[in-house]
Amino acid sequence: MISVRYNNFIFILLIIILLTAVVIAGSLGSARISFTDVVKIIIHPIASQIEGIKETSRTIIWKIRLPRIMLTIITGMGLGVSGAVFQGIFRNPMANPYILGISSGAAFGVTLGMVMGLQITFLGMTAIPISAFTGAIIASILVFLISGGGRDILPLLLSGIAMGFFLSALMSLLMYFNRSQLENIIYWTMGSFNAANWKKVVITTPVILTGNVFLILFSRDLNLMVMGEDSAKSLGLSVKRSRLIFLIVSTIITASAVAVSGVIGFVGLIVPHAIRIITGPDHRSLIPYSMLGGAILLLVADTIARTIIAPTEIPVGIVTSLLGAPFFLFLLNRMRQPK
Amino acid sequence: MINNPIIDINNLNWSYNGTKVLDNISLNIKPGTFTGILGPNGAGKTTLLKTILNLLQPDRNSILISNDDIRNYSRNELAKIEAYVPQSSKNNFNFTVEQIVLMGRSPFLGRFDRESNDDIGIADWAMKETGVFGLKNKYITTLSGGELQRTIIARALTQEPAILALDEPTSHLDIHHQINILSIVRSLAKKKSLTIIAVLHDINHALEYCDNLFLLNHGKIVTHGSPEDVITPDIMKKIYNLNIQITTNPLTGNLFMIHDYT
């Protein structure tokens, strides 16, 4: 068995990688800021004068880069963990957080909001995140009800796929008749953090972090769940109740992540996979490590997205898909090979 | 006390989409016995086993476990009394044998507990009993069918149950692995005075290993009792339309069924 010591080592290693990535991401951009300055600025947020550091650097870090980094991290945590949970619930290592129509629900919500010229704000959130979150939650609830309350896995999965197609068709229809909004809608679905701000960080962090802590506490139940429904029951798990709780919590996490970032693909799929290769399938380690892994992957991807052809920025969803799709094929190939 | 049935079933009915799968089943099973459930395909054997495990919920008071309605037990409480070995436990997730076996301790662990040294000791014992201790660090996706089934039996033992329920535990295995599994189960039954209920396909396995048999057909119990009372030429002709003779297996001294091939 994989030892506790090895697991702790991996955990510390992931935290070090994440902190390093934060410093590098803070340093890179149109204005280069040295690594040491980034560290000093982050460590001394209040002190107005730090020896030899320009006020503009402080402003860039605290007003522009850090909120974006934090939002990227929290979104990555959410997607990584809910990916691991969905794969466990569906007993399928190829499942992902968007499987129940969350992404298409969010995209449809955003499309509808833009077409109608929705101008609402709630808790400091603008129309786009609100309509994305609402669309995602409504779509998931509908999928859940249509499939008979999630009693069985297969109807849930198939209803999710059908809902995805249906909402995509509706969305295309809306876009077809409202071509002026076409560009905005398509950009949103590609996923991006260029509209990151502290407000979004403050709203999403408690939701996603609370959800993640909850999922970590219940992670052992997922080990039983992947044994199959009958085996899990005979090992003492109330499968339907547990599954419902996992579905609700991970749906809220995913919807919050999508609301502030758009549809970022592959993070929820490949992060739990990569973690399983390193530390095995035990969800008690898989869930917390997927949290860190998701944060690292998305932060790296977003830093690439905004710097690789600077000053132009490419949507981060394109970067994760470009990295993720080949990795997915590699995993498929690996699974097909004889032991 | 010792003669009270550990499983007491009274007028159990079960329907699936309007079709009666179990029709007024009544039976009882004494502790420490090895009971076989036999019958043709579709007779309701697996359904009966699943109701005994509350995987399919029976009507109130139709199944008593240790004199209490099975529906009065929480899943966790029941998991400390009954353990289940399904037909197949194939899985895409790369758990090690030890991780799988330790899951048998789940009903004993609180929300924030990790497995203690005692739990690990029980799992080690179970793996030794079923001969998979040497495989404890192997991934279950690399095991043979027989090794996987012995791992699952070890997990069931780790639950320290009074009742071990097996659903055709040998149906996907080669003959020597079939015998190996059933012999392990029989010796455990003796050593730990476990109550065994097994859905079996092979009638000669039932004759060799079981103390009691229930023969099901169309959801009803056709007959029950000791192997020599249940497996008779008349009954086999009636249920399986098979011409048989019962003889004695010269190697074990137990009953053995031979049949024609017309």
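Visitor: How many residue pairs are in polar contact across the interface of chain B and chain A?
Guide: In this predicted model, the rule finds seven such pairs, both residues being at pLDDT 80 or more. On chain B, the elements giving two or more residues to the side that touches chain A are helix H2 (75-79), strand E6 (82-85) and helix H3 (97-102). H3(B) gives the most, with four residues. By type, the residues of that side of chain B divide into 12 nonpolar, 12 polar and 10 charged.

Visitor: What makes the meeting of Arg284(A) and Glu115(B) a salt bridge?
Guide: The rule asks for a side-chain nitrogen of Lys or Arg within 4 Å of a carboxyl oxygen of Asp or Glu. Between Arg284(A) and Glu115(B) the N to O distance is 3.2 Å, so the pair meets the cut-off of 4 Å. Across the interface of chain B and chain A, the rule finds three salt bridges.

Visitor: What area do chain B and chain A bury between them?
Guide: About 2800 Å², with 56% of it on carbon and sulfur atoms. Arg75(B), Phe93(B) and Arg111(B) supply 26% of the area that chain B buries against chain A, more than any other three residues. In terms of contact, 34 residues of chain B meet 26 residues of chain A.

Visitor: Why does Thr33(B) count as buried?
Guide: Its relative accessibility is 14%, and buried means under 20%; Thr33(B) therefore counts as buried. Thr33(B) lies in the loop between strand E2 (19-29) and strand E3 (34-38) of chain B. Leaving aside neighbours within four places in sequence, Thr33(B) is in contact with Leu194(B), Thr195(B), Ile196(B), Asp211(B) and Asn212(B).

Note on methods:
Residues numbered from 1 in each chain as written. Chains lettered and ligands numbered in written order. Predicted model: local features only at pLDDT ≥ 70, side-chain atom pairs only at ≥ 80, totals over all residues. Heavy atoms only, no water. Contact = heavy atoms within 4.5 Å. Buried area = accessible area lost by both parts, 1.4 Å probe. Polar contact = N/O pair within 3.5 Å; in protein donor to acceptor, adjacent residues only side chain to side chain. Nonpolar A, V, L, I, M, F, W, Y, C, P; charged D, E, K, R; others polar. Buried < 20%, exposed > 50% of the residue type's maximum accessible area, 1.4 Å probe, protein only.
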